[in-house]
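Grab a coffee and work through these short exercises with the model open beside you. Try each task before reading its solution.

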Amino acid sequence: MSENKISPFKSFFAGGFGGVCVVFTGHPLDTIKVRLQTMPKPGPGGHPLYTGTFDCAKKTVAKEGFRGLYKGMGAPMTGIAPIFAICFFGFNLGKKLQQKNENDKLNMIQLFQAGMLAGVFTTAIMAPGERIKCLLQIQHGSQKPKYSGPVDVVKQLHKEGGVRNIFKGTAATLLRDVPASGAYFASYEWLQNILTPEGKSRSDLGPLRTLLAGGLAGMANWVVAIAPDTLKSRLQTAPEGTYPNGIRDVFRHMMKTEGPAGLFKGLSPVMLRAFPANAACFLGYELAMKFLNWAAPTW
């Protein structure tokens with residue numbers, strides 16, 4: 001198969017495998033990120049619940065064991081394979097739609113646009129999964145948990161506010177994922193191209209170069225995503241009625257109480273997680289694609 005020929009359907013299955021790799025690698029640091037983003041502001045003379053990434057990790061493990069770092073993993077593990085499958089499908093469909101023939105190479109703007117389409121595709125299932133995950137992640141070991149697991153979260157949210165309550169934060173998720181997915185895929189494609197030795201094709205790249213490109217692409221994604229992700233986490237974990245106007249109220253309140261720096265809470269664990277998780281994702285994706293190209297070359 002030509003290197004520029006695009007198969008969205010193969011990308012769907014390979015992306016699902018890459019998504020599973022992401023969860024196993026990165027969930028503990030995602031839990032830390034959410035806890036830092038949503039911890040209450042200390043009162044006058046008080047101390048913050050966590051002083052940083054490592055303090056949060058240490059306190060979580062001390063009170064809840066290592067399993068505490070994997071709280072809420074059921075929701076992303078259930079949804080992550082289809083989410084990443086749809087994400088990679090959307091990206092490759094976006095590429096295909098911009099090609100006049102199957103061997104056309106796309107420029108960076110076209111790759112960014114294809115990546116943004118991937119972000120649109122995933123939001124419908126990403127938003128409720130993020131809501132469930134965040135609500136489970138902020139349950140601390142010293143407190144009696146409100147939710148016993150992902151299914152219980154869905155039941156209680158539906159009882160409190162119907163289906164709309166489960167999908168709270170959808171617009172915020174869209175605001176995060178559309179530009180971030182554009183940066184994610186465009187940077188990966190660019191890095192893959194510059195890491196390809198002269199006279200070789202991308203299919204000749206070894207796993208170390210793929211890991212490097214995937215890890216750096218993950219970091220590029222979160223440079224764009226961290227601020228809207230913080231707003232999304234605050235909105236999705238706030239008690240009902242706290243922010244009647246949605247993400248706009250979250251932003252106004254944060255600017256008034258914490259300033260712009262508040263938007264970047266959780267940046268350290270995000271960046272620590274972004275490299276290994278997305279390196280694993282793209283390596284898993286590329287290996288799965290090679291297998292599918294071998295097993296079903298005519299797809």
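A salt bridge here means a side-chain nitrogen of Lys or Arg within 4 Å of a carboxyl oxygen of Asp or Glu. Keep in mind that this is a predicted model.

**Exercise 1. Check the pair E130 and K133: how far apart are the closest N and O atoms?**

Step 1. The closest N and O atoms of E130 and K133 are 3.9 Å apart. With the cut-off set at 4 Å, the pair makes the list as a salt bridge.

Step 2. Now place the two residues. Both belong to helix 4, and because they are 3 residues apart, about one helical turn separates them.

Step 3. Look at accessibility: E130 is buried, and K133 is buried too.

Step 4. Widen the view. E130 and K133 belong to a network of salt bridges that also links D30, K33, R176, D177, D229 and K232.

**Exercise 2. Follow the network to D30: is D30 buried or exposed?**

Step 1. Find D30 in helix 1.

Step 2. The relative accessible area of D30 is 6%, so this residue is buried; the cut-off for that is under 20%.

Step 3. List the neighbours. Leaving out residues up to four places away in sequence, D30 touches K133, Q137 and R273.

**Exercise 3. Find the partner of E189: which residue forms a salt bridge with E189?**

Step 1. The partner is K95, with 3.7 Å between the closest N and O atoms.

Step 2. E189 sits in helix 6 and K95 in helix 3, so this salt bridge ties together parts that are 94 residues apart in sequence.

Step 3. Both ends are tucked away: E189 is buried at 8% relative accessible area, and K95 is buried at 12%.

Step 4. For context, searching the whole structure turns up 17 salt bridges.

**Exercise 4. Go to helix 8 and describe the pair R252 and D249.**

Step 1. These two form a salt bridge whose closest N and O atoms are 2.8 Å apart.

Step 2. R252 and D249 are 3 residues apart in helix 8 (residues 247-257), which is about one turn of the helix.

Step 3. The two ends get separate labels. R252 is partly exposed, with a relative accessible area of 49%, whereas D249 counts as buried at 14%.

Step 4. D249 also leads you to Y243, since D249 is among the residues that Y243 touches. The others are R234, L235, A238, V250 and H253, again not counting residues up to four places away in sequence.

Step 5. Y243 itself lies in the loop between helix 7 and helix 8 and counts as buried at 16% relative accessibility. Its C-alpha atom is 9.1 Å from that of H253, and the two residues are 10 apart along the chain.

**Exercise 5. Describe the second largest pocket: how many residues line the second largest pocket?**

Step 1. The lining has 33 residues, and I80, I83, F84, M126 and E130 lie nearest the centre. You met E130 in the salt bridge with K133.

Step 2. Sort the lining by element. Helices 1, 3, 4, 6, 7 and 9 each give two or more residues, and helix 3 supplies the largest share, with 9 residues.

Step 3. Sort the lining by class: 17 residues are nonpolar, 9 polar and 7 charged.

Step 4. Finish with the volume, which is about 660 Å³ for this pocket.

Methods. Residues numbered from 1 in each chain as written. Predicted model: local features only at pLDDT ≥ 70, side-chain atom pairs only at ≥ 80, totals over all residues. Heavy atoms only, no water. 1 Å grid on protein atoms, 1.4 Å probe; cavity = no way out; pocket = protein on both sides within 12 Å on 5 of 7 lines; lining within 4 Å. Points joined across faces, edges and corners; volume = space filled by probe spheres on them. Helix = DSSP H or I, 4+ residues; strand = E, 2+ residues; numbered from the N terminus. Nonpolar A, V, L, I, M, F, W, Y, C, P; charged D, E, K, R; others polar. Buried < 20%, exposed > 50% of the residue type's maximum accessible area, 1.4 Å probe, protein only. Contact = heavy atoms within 4.5 Å.
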